[in-house]
Amino acid sequence: MEKRGKLRGFINSFWYCGKLSWKAAPFYTLLQLLFKSVQAILPVAVVWLTKEILNCLMNHDKRSGGMLQGLFCLLLLVYILQAVSRHVINYLDGMQRDVIIHYIESIIAQKAAAMDVEYYDNPKYYDIFENVKRNSHVMAGVIDNCMMCIGFAVSVISCICFLKEVLPFYAALIMIATIPVAVSQHRYTRKIYRWGLEHTTSERRKGYLYGVLTERSYAQTVRLFGIGDYFTEKYELLWKKLFEKKRNIIRKKLVWNLLFSIMPEIILICATVSISRNVLAGKNTIGDFSLCLGLIAQLTGVLHGLVSAVMNVYENNLKVEYFMSFDRFRLNKIVSGNKMLETPVKIEFQNVSFQYPGTREYVLKNISFCLEPCKKLCIVGENGSGKSTLLKLLLRFYEVSEGTVYLNDLPIKEYDVNSLRTAFSCFFQNSPNFAFTIKENIRLGEYDMPAEDCDERERHALRLAGADGFVDRLSHKENTYITKIYEEDGMELSGGQSQKVALARMFYKRASVLLLDEPTAALDPKGEHELFESLKRECSGQSVIFISHRLSNVFLADEIMVLENGKICAQGKHEELLRSCMLYKQLYDYQADKYL
C-alpha cells in the first residue's frame, strides 16, 4: 500500500508538472514535446540507415549505387535534423524555463499579497510558503525532467521495435538490467530525503548564519563587535557536520549504482558475441550486426537517462507536493463581511482576548474600552504588554480569540475587510519604505487618489510629518529615489528621515482613524514636538490611537489607557493616573526625574 501511495504521488506530481507547463507556456510545451520526440527517434534512424548502407556495400552490385546515394541523402537529412533539433530544443528549453519561472513567481507573488497576515505567523503554512518561494527554479527543472522522460520513453520504444525482430532476448535483458539501478536510486533517494527531513532545523540554522554574514542589516553590528570570524566558524562547523553525514549516504549510493551499472555493459558484450556468431553462420548480415550493436548501445544509454530523469522527478516530488499544497491554500481565514464602514468611526472592544496562532499564551486578556468618534486615545505600557497587537486586531490582520470588536455598534466581522481598512491609516514602528521616489512612497498611502488632488495632498502630508524641510533641500526634492536599488543617485535616508516619509504616507491617506505605533521612536526632540503639534492642530476631525513610551506626548490624548501583561490596569487622564495607577506613575517618574 505504501509503494502504491508513493507511485500515485509520483504520477500526480508528473501530471501536475505537465498541467503547470501547459498553463504557463502552452506554445513552448507543445513544441518541446514535438522536437524531443523527433530528437529521440533520429539516433535510431541513423543506426537503421547505417545498417542499410552496410548491406548495400556488401552487395556492391550496379543497382546498389542509386540506393546508396538515396541512403546517404537520407543520412545527411537525419544529421541535419539532429543538429537543428538540438539547437531548437536548447532555445525552447531556455524560453520555456523563463516563462515557467515567471509564471510560478507570479502565482507566488499574487497569493502572498492576498494571504492573511496570520499565515506569516503560522510555522506550518509559512514553512510551505518559504519552500515554494525558494524552489521556484527547482520546479522549472522538474518540468524539464518530465519532458526528458517523455523523450527518453519515445527513444526506448523505438529501439525495442527494431530489436525485437533480431535480438528480442537481449532487449528484454537490457530492460531487466535497469531495474536494480532504479531500485538503488529509489532506495538512496529515500534515504537522502529522510536525512533532509531530519536535518531541517540544522539547514535552517546554517541558512540563518549565512544570512548574518551576508545581509546588510547585520553588517554594522558584525563589524562593530568584530564577530565575523565567530559567525564564520559556527557556519563552517555546522556545514562540515551536515556535509559529512550526507557524504556517507551519497558514497554508498555511488558504490551500489556503479556495481549495478556494469550489468547492462555485460549484456551488451554478450549480445555482440551472439550477433557475431549469427553473422558468421550466415543468419544475419553485417548490417544487422551494426544495427543491433548500435541499438543496444542506444537503448542502454537511453534507459540510464530515463531512470535518471524519473529519479530526478521523484527526488523533487516533495518540492512539487509543497507547491501543490500552496496552490490549494485557502488564502483567507479572515472571512470578509459585506457591510461598508461609514465614517466617523466609533470603536469599542468588549472582553477581547487574543492568542497568536500556534501559541498558548494570551497577548491580550479581557480588554474592554470605547473610543467615540474624533477622540484621541494614548496607549502606554511596558514592552510586550500587547499595545501593537491591539492595533492589528482593529485592522483585522487577525481574528480575536474571545470577545468582540465593534465599529459603529456592529461587530467588526460584518464589515467588508477592504472597506474597513480604508477607514484607517496607520504607522507601525517597523513601517518600511520602498526603493522608489519619495513622492511614490507617499502616494502609495492612497495610490488611486484623483490626480488633481495629489500634489496638494502630498505637500500637506509632508508638512504634517515634518518631512518638507529635508525633502526641499534634496537636489531632486520629492523625486529623489530612496536607496540605490532603482537609481545610482538614490539617497540613503537616516532613521528619522525614513520615519518621516512613512508618517507622510500615513497622513496622505484620507482616513477617519489614525493609528500610530511609536511614531517618534527615531525622531529628534524637535521632530517629535512638531509631529504632535500637527496631530493636535490638523487632526481634530479624526480619531487618533497612538502608542508611545514617551509620556510627554500624552497631552494630545483625551484619555490614556495603561496596559500591563495584556490587561488594562487603568484608564483615565494624566493627573488621575498619576494618583491611581502605580505603573503609570513609575513610567512617568522614570522620565520626569531626568528633567527635574
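**Entry 1: a cut-off to start with**

I call a residue partly exposed when its relative accessible area lies between the buried limit, under 20%, and the exposed limit, over 50%. My first use of this is Asn-366: its relative accessibility is 47%, so Asn-366 goes down as partly exposed. I should add right away that I am working on a predicted model.

**Entry 2: backbone oddities**

I stayed with Asn-366 and looked up its backbone. Its phi is near 60°, which is positive, and the residue is not a glycine. I found Asn-366 within strand S2, which covers residues 364-371.

Which other asparagine did I note for a positive phi? Asn-565 has one, at about 55°, and it is not a glycine either. Asn-565 sits in a loop, with strand S9 (559-564) on one side and strand S10 (567-572) on the other. With a relative accessible area of 65%, Asn-565 is exposed.

I also wrote down Arg-396, whose phi is positive at about 60° and which comes just after H13.

Then I turned to peptide bonds. The one that runs from Thr-343 to Pro-344 is cis, and its omega is near 0°. Pro-344 belongs to the loop that links helix H12 (317-327) to strand S1 (347-354). Why did I bother to list these spots? I did so because most residues other than glycine have a negative phi, and most peptide bonds are trans.

**Entry 3: a covered helix**

Arg-396 led me back to the helix before it. Is H13 mostly covered or mostly open? Helix H13 spans residues 387-394, and seven of its eight residues are buried, so I marked it as mostly covered. I listed the buried ones by name: Lys-387, Ser-388, Thr-389, Leu-390, Leu-391, Leu-393 and Leu-394. A lysine, Lys-387, is among them.

**Entry 4: cysteines**

I searched the whole structure for disulfides, and the count came back as zero. Why is Cys-159 unpaired? The closest cysteine sulfur belongs to Cys-161 and lies 9.2 Å from the sulfur of Cys-159, which is too far for a bond. The cut-off I used is 2.5 Å between the two sulfur atoms. Seen from the other end, Cys-161 is in no disulfide either, with the sulfur of Cys-159 as its nearest at 9.2 Å.

Next I checked the cover on each. Cys-159 has 0% relative accessibility and so is buried. Cys-161 has a relative accessible area of 42%, which makes it partly exposed.

**Entry 5: a nonpolar patch**

Which residues form a nonpolar patch on the surface? My list reads Val-255, Trp-256, Leu-259, Ile-262 and Ile-266, and together they offer about 470 Å² of accessible area. I picked Ile-262 for a closer look. It belongs to helix H10, residues 228-280. Its relative accessible area is 44%, so I filed Ile-262 as partly exposed.

**Entry 6: contacts around H15**

I picked Lys-439 in helix H15 (residues 438-443). What does Lys-439 touch, leaving out residues up to four places away in sequence? I found Glu-458, Glu-478 and Asn-479. For one of these, Asn-479, I also looked up the C-alpha separation from Lys-439: it is 5.9 Å, with the two positions 40 residues apart along the chain. Lys-439 has 23% relative accessibility, so it counts as partly exposed.

After that I moved on to Glu-446, in the loop that joins H15 to helix H16 (451-465). With the same sequence neighbours left out, Glu-446 touches Tyr-508, Lys-509 and Arg-510. Is Glu-446 buried or exposed? It is buried, at a relative accessible area of 16%.

**Entry 7: the whole chain**

I closed with the overall numbers. I counted 21 helices and ten strands in the chain. The radius of gyration is 35 Å, well over the 25 Å from the globule rule for 596 residues, which means the chain is more spread out than a compact globule. Along the principal axes, the C-alpha atoms fill a box of roughly 115 × 55 × 50 Å.

How much of the chain is buried? I noted 44% of the 596 residues. The chain exposes about 32200 Å², of which carbon and sulfur atoms supply 57%. As for contacts with a separation of 6 or more, 75% of them join residues 24 or more positions apart.

Note on methods:
Residues are numbered from 1 along each chain as its sequence is written. This is a predicted model: local features need pLDDT of at least 70, side-chain atom pairs count only at pLDDT 80 or more; totals for chains, interfaces and linings use all residues. Side-chain values use heavy atoms; hydrogens and water are left out. Buried means under 20% relative accessible area, exposed over 50%, partly exposed in between (1.4 Å probe, protein chains only). Patches are made of residues with over 30% relative accessible area and no salt bridge: like charges are joined within 9 Å, nonpolar side chains (Val, Leu, Ile, Met, Phe, Trp, Tyr) within 5 Å. Accessible areas come from the Shrake-Rupley method with a 1.4 Å probe; for residues, only the protein chains shown count as cover. A salt bridge is a side-chain nitrogen of Lys or Arg within 4 Å of a carboxyl oxygen of Asp or Glu. Helices (H or I, at least four residues) and strands (E, at least two) are DSSP runs, numbered from the N terminus. The radius of gyration is taken over C-alpha atoms; the globule rule is 2.2 Å times the number of residues to the power 0.38. Contact means heavy atoms within 4.5 Å.
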